[in-house]
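Colleague: I am new to this one. Could you walk me through how to read it, feature by feature?

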Amino acid sequence: MEDERRSNEVRARLRALPSVDRVLGALTPRRHAASVNAARRAIDEARAAVRSGAKAPSFDDVVRRAEAIAVEDERAALRPVLNATGVLIHTNLGRAPLGARQLDAVARVSSGYSNLEYDLAAGARGTRYAHAVRSLTQLTGAEAALVVNNNAAAVLLVLSALCRNREVIVSRGELIEIGGEFRIPDVVAQSGARIVEVGTTNRTHLADYERAISADTAAILKVHPSNYRVVGFTKSVPGRELARLARGRGVLFVHDVGSGLLSELASSLDAPADPPVDVAVAEGADLVTFSGDKLFGGPQAGAIAGRADLVAQLARHPLLRALRVDKMTLAALEATARLHLEGRSREVPLWDMAAQPVEELARRARALAAELDERLGHAGLKAEAVASRSVTGGGSMPEEDIASWAVALRHATAGAAELARALRAWDPPVVGRIEDGAVLLDLRTVPGHADGSLRDAVAASLRAQGGPVLL
C-alpha cells in the first residue's frame, strides 16, 4: 500500500509539470528549434528529479532552467577567454594569440579565393608550401623550409621519410614526454625508425654518440627540453659538436629546438633553454624543427628548416598530405615571419606581453585593485595589488619566470576556488590562478584594454550582499 501511495504521488507530480508548449510561450523569442530543445531538456531534467524523489519544480523554475539551457547552447563551444594566469604560452588556452597584422592576413586570404596552390606567373598549379618558405629561410638562414601542422608532426615526418627501418640515436636525458602523454620514443616508433638510447638521464657525452653510431644509423636526434629542466650534475652535447660528428660519420643530425625562438629575440630573455632556430641552423644541423605557436608567436604549425635536398625528400613523402596546413595557417605564419624580419616583433602579441615594463603592470594592478575595493569592498571583496611572477609556458624556458604584477582577490565568505569558478562562468570567461588562498589575476597576460572586462567579471561574480554567484 505504501509503495502504491508513493507511486501515485510521483505520477501526480509528473502530471503537474508544464507542457513543452507552455514553457515555449514563456521563453525569450529565439530560433524555434533551439527553444523546443531547451524546453524539452528542462522538462526532462524536472522529470528525472521527480522520479528520484525530489519535489516537482515550479513553472518559473522550469522556465529559468530552459532559458539557461538555451543561452548556453547559443554560446560557441570554442570561445575567447581572458588569460589572467600569467602563463604567456598557455597550451590549454590556445598558446600564442595573434595580432592585428596576422589576423588581417588570415582574413584577406580566407574571405575569397587565393593563390594557395596556383603559380600566378606560370598560370599553372603551384605548391602551397612556397608562400611561407621565403620568409622562413630568410629568418633562419636555411636553404629550404617546409610547414606542417605542429612540431610533433614535423619530427614524425622527418623520421618517417629519412630514417624508416634504421636507427636514430637520442640521449636518455632527452626522451621527453610532451602534453597528452605523447613521448619521443613513441613518435620514433610510429615513424618506423628504431631508437638507440645513449648516456644517462643527467649526463650524456660526445663519446656516447660516437660509440653508438653503426652502419645502420640514419640520424642523431637532439630534442629540446620541453617543459622540464635537469639541474645539478648534468651534461649534454652542444648542437655544433653533434653536427660535426654526424657530418664526419656520414649520418644526419636533426635538431628539434621546439620553441621557435629567434636570436634577435633571445637577447631579451635572461637564459633561454632552447637554442634559437637560426643558431641551430648555423651550427650545422641538417634539419631543424620548431613550433609556430610558441616563442615564434604565430599560429599552430610545425616548421622544418635545413638542407634543400632533404626538404625536397620530405615534400615528396605521402605522409605530408596528412600533415599539411591550410591557407589560414600559412597566411598567419607568413605574416608573423615578416613582422620578425621587419624588426616589428612587438606587433606580435606574445612579445608585446613579454616586453611590458613591470612598472606599467604595477600601475595597472594598483588602479584595478583600488577600483574593485571601492566598488565591491562592501560586498566582502578584498582586492590587493601584489608583485607576481609570470612564466613563458608551452614547453618553453622551463623554470624561468618574469617579474609581473597581479590583483589578488579574497572574499569574506567565499573560498578562492568558488570565486575562481564564478569568474570562469563570466562571458568572456576569466581564468586566473590560486595562490595562498587568493585568486590572482596576473596582468602580464591581460591586454591593457581588457582591465575593464576584468573589473566587470569580478563584479558579476558577487551578489549585491557579497555572496558568490555561479553564473
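Modeller: Gladly. This is a predicted model, where local features need pLDDT of at least 70, side-chain atom pairs count only at pLDDT 80 or more, and totals for chains, interfaces and linings use all residues. Residues are numbered from 1 along each chain as its sequence is written, and side-chain values use heavy atoms, with hydrogens and water left out.

Colleague: How many helices and strands does the protein have?

Modeller: Helices (H or I, at least four residues) and strands (E, at least two) are DSSP runs, numbered from the N terminus. Here there are 19 helices and 17 strands. The C-alpha atoms fill a box of roughly 90 × 55 × 50 Å, taken along the principal axes.

Colleague: What share of the residues counts as buried?

Modeller: Buried means under 20% relative accessible area, exposed over 50%, and partly exposed in between, with a 1.4 Å probe and protein chains only. Of the 471 residues, 47% are buried. Contacts are worth a look too: a contact means heavy atoms within 4.5 Å. Among contacts with a separation of 6 or more, 74% come from residues 24 or more positions apart.

Colleague: Now helix 7. Does its length agree with what is expected, or disagree?

Modeller: The expected span of a helix is 1.5 Å times one less than its number of residues. Helix 7 covers residues 151-162, 12 residues, which should span 16 Å. Its end C-alpha atoms are 17 Å apart, which agrees.

Colleague: Is helix 7 largely enclosed or largely open?

Modeller: Largely enclosed by the rest of the structure, because 10 of its 12 residues are buried. Among them are Ala153, Val155, Leu157 and Leu159.

Colleague: Which residue caps the N-terminal end of helix 7?

Modeller: Start with the polar contact: a pair of N or O atoms within 3.5 Å. Within protein, one atom must be able to donate a hydrogen and the other to accept it, and residues adjacent in sequence count only if both atoms are side-chain atoms. The cap is asparagine 150, with a side-chain oxygen 3.3 Å from the backbone nitrogen of alanine 152.

Colleague: What does aspartate 286 touch?

Modeller: Aspartate 286 lies in the loop between helix 12 (277-282) and strand 11 (287-291). It is buried, at 12% relative accessible area. A polar atom of its side chain lies 2.7 Å from the backbone nitrogen of phenylalanine 253. Leaving out residues up to four places away in sequence, aspartate 286 touches Val251, Leu252, Phe253, Ala305, Gly306, Arg307 and Leu310.

Colleague: On to charges. How many salt bridges are there?

Modeller: A salt bridge is a side-chain nitrogen of Lys or Arg within 4 Å of a carboxyl oxygen of Asp or Glu. The count is 32. Take glutamate 117, which is partly exposed at 23%. It meets arginine 125 at 3.3 Å, N to O. Arginine 125 is exposed, at 67%. Glutamate 117 also meets arginine 324, at 3.6 Å. Arginine 324 lies in the loop between helix 14 (319-323) and helix 15 (327-341), and glutamate 117 in the loop between helix 5 (100-110) and strand 2 (118-119), so the pair ties together parts 207 residues apart in sequence.

Colleague: What about a salt bridge inside one helix?

Modeller: The general idea first. An α-helix has 3.6 residues a turn, so residues three or four places apart point the same way. Glutamate 334 and arginine 338 form a salt bridge at 3.4 Å. Both lie in helix 15, four residues apart, about one turn of the helix. Elsewhere, salt bridges that share partners join Arg101, Glu342, Arg344 and Glu347 into one network.

Colleague: How many aromatic pairs are there?

Modeller: Rings of Phe, Tyr and Trp (its six-membered ring) pair if their centres lie within 6.5 Å; planes under 30 degrees apart count as stacked, over 60 as edge-to-face and the rest as tilted. There is one such pair. Phenylalanine 290 and phenylalanine 296 are tilted, 5.9 Å centre to centre with 50° between the planes. Phenylalanine 290 is buried at 3%, and phenylalanine 296 is buried at 1%.

Colleague: Which backbone angles should I check?

Modeller: Omega and phi. A cis peptide bond joins aspartate 427 and proline 428, with omega about 5°. Asparagine 165 has a positive phi of about 65° although it is not a glycine. Its place is the loop between helix 7 and strand 5 (167-171).
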